[in-house]
Amino acid sequence: MANGLHKIKTGSRAVWRGLRLLAHVAKGAWIVAFRFPQLHYLQQHEHVQAWAATLLLRAGVQLQVKGQPPAKGPVLMVSNHISWLDIPLLHAARHCRFISKSDVKGWPIIGTLATAAGTLYIQRSSRRDAVRMVGAMEEAFKRGEILAVFPEGTTGDGRSLLSFHSNLLEAAVQCDAPVQPVGLSFVDGRTGEVSYAATYVGDETLLGSIWRVLCSEQLIAVVHYGEAQSAQGRDRRAWAKDLHTEVDRLRQS
């Protein structure tokens, strides 16, 4: 009986959170369509950061920041990738411009929001487009921007870290821009143990991942910033290996 009541309570809470989440996404699309054209880009960044922080609250996720986010650019943040929540998490902690696969641009609503947040798009299967993106990143670094990338190239299971692709580190090498490793993790606030509720990998569906998050009682999302580092003579492949080690440490500490 008690177990049944608990399931009803959990389901009701998840539905309520889901409705508030949908309303917040719709509000974000409205702001982008009607408010953003009148705003300075710095004001747009402030709106994106505030919107992302509120999205976490609507989903019932508590944000915990460790370490020091970058105060200003140029800097490239490299992070592990676990969930659909990762981009809002990093935006909520510190606004940045993400480098994402070109498919995202065409996604209904999500693509509109991502573009408004300043996302740079790349066709991952195209070597020529990778060269173009490195050039675009170099220009962004010269403007003092903060960029972010998930060098695994896809989401992992939260248990182990996939190998890092090094292509996009070339821009940081060429511009001598610092790279800041970031570790993402999710914790069950009741037990202090690692939570896999937010994972979105393999055969898991996006809807299933969202539902698990909405059902969670005390889900804490941890963004752990490491120390920014320069190439110091390393090529992009050697640097990627060292960054992989540091991100792996950060996500587990």
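This passage describes the pockets, helices, cavity and backbone features of a predicted model.

The pockets make a convenient starting point. The largest pocket encloses a volume of about 1,400 Å³. Its lining is made up of 50 residues, and those nearest the pocket centre are Trp84, Pro88, Trp107, Ile110 and Leu206. Several secondary structure elements contribute at least two residues each to this lining: helix H1 (2-34), helix H2 (41-58), helix H3 (86-93), strand S3 (97-101), helix H4 (110-116) and helix H7 (206-215). The largest share is that of H1, with 11 residues. By class, the lining of the largest pocket comprises 36 nonpolar, 12 polar and 2 charged residues.

The second largest pocket has a volume of about 500 Å³. It is lined by 19 residues, with Ile122, Ala130, His165, Asn167 and Leu168 closest to the centre. Helix H5 (127-142) and helix H6 (169-175) each provide at least two residues of the lining of this second pocket, and the largest share, 4 residues, belongs to H5. The lining of the second largest pocket divides into 10 nonpolar, 5 polar and 4 charged residues.

Helix H5 itself merits a closer look. Its 16 residues, at 1.5 Å a residue, should span 22 Å, and the C-alpha atoms at its ends are 23 Å apart, which agrees. Buried along H5 are Asp129, Ala130, Met133, Val134, Met137, Ala140 and Phe141. Viewed down the helix axis, the buried residues of H5 fall within an arc of 150°, so they line one face of the helix. The spacing is easy to follow: an α-helix has 3.6 residues a turn, so residues three or four places apart point the same way. The other side of H5 carries the exposed residues Arg128, Val131 and Lys142. The buried residues of H5 pack against strand S2 (75-79), S3, strand S4 (120-122), strand S5 (146-149) and H6. Ala130 thus appears both among the buried residues of H5 and among the residues closest to the centre of the second largest pocket. Just after H5, Gly144 adopts a positive phi of about 80°.

Helix H3 offers another setting. Of its 8 residues, 7 are buried, so H3 is largely enclosed by the rest of the structure. The buried residues are Asp86, Pro88, Leu89, Leu90, His91, Ala92 and Ala93. Their cover includes H2, strand S1 (61-66), S2, S3, strand S6 (179-188) and strand S7 (219-225). Pro88, buried in H3, is also one of the residues that lie nearest the centre of the largest pocket.

Besides these pockets, the structure holds 1 cavity of 30 Å³ or more. The space in this largest cavity amounts to about 40 Å³. Its lining consists of Asn80, His81, Ile82, Glu152, Gly156, Asp157, Gly158, Ser160, Leu161 and Arg251, which divide by class into 2 nonpolar, 5 polar and 3 charged residues. Leu161, part of the cavity lining, is also in contact with His244. His244 is a residue of helix H8 (residues 236-251), and, with neighbours within four places in sequence left aside, its contacts are Leu161, Leu162, Ser163 and Phe164. The C-alpha atoms of His244 and Ala116 are separated by 30 Å, and the two residues are 128 residues apart along the chain.

In helix H1, Leu22 has a relative accessibility of 60% and therefore counts as exposed. Leu22 and Leu55 are 33 residues apart in sequence, with a C-alpha to C-alpha separation of 9.5 Å.

Several loops show notable backbone geometry. The peptide bond from Gly73 to Pro74 is cis, its omega being near 5°; Pro74 sits in the loop between S1 and S2. Asp176, although not a glycine, has a positive phi of about 55°. Asp176 is found in the loop between H6 and S6 and, with 55% relative accessibility, counts as exposed. Gln232, likewise a residue other than glycine, has a positive phi near 50°. Gln232 lies in the loop between S7 and H8, where its relative accessibility of 69% makes it count as exposed.

Note on methods: Residues are numbered from 1 along each chain as its sequence is written. This is a predicted model: local features need pLDDT of at least 70, side-chain atom pairs count only at pLDDT 80 or more; totals for chains, interfaces and linings use all residues. Side-chain values use heavy atoms; hydrogens and water are left out. On a 1 Å grid over the protein atoms alone, a cavity is a set of points where a 1.4 Å probe fits but cannot get out, and a pocket is an open set with protein on both sides within 12 Å along at least five of seven lines; lining residues have an atom within 4 Å of a point. Grid points are joined across faces, edges and corners, and a volume is the space filled by probe spheres set on the points. Ala, Val, Leu, Ile, Met, Phe, Trp, Tyr, Cys and Pro count as nonpolar, Asp, Glu, Lys and Arg as charged, and the others, Gly among them, as polar. The expected span of a helix is 1.5 Å times one less than its number of residues. Buried means under 20% relative accessible area, exposed over 50%, partly exposed in between (1.4 Å probe, protein chains only). The arc is that of the directions from the helix axis to the C-beta atoms. Contact means heavy atoms within 4.5 Å.
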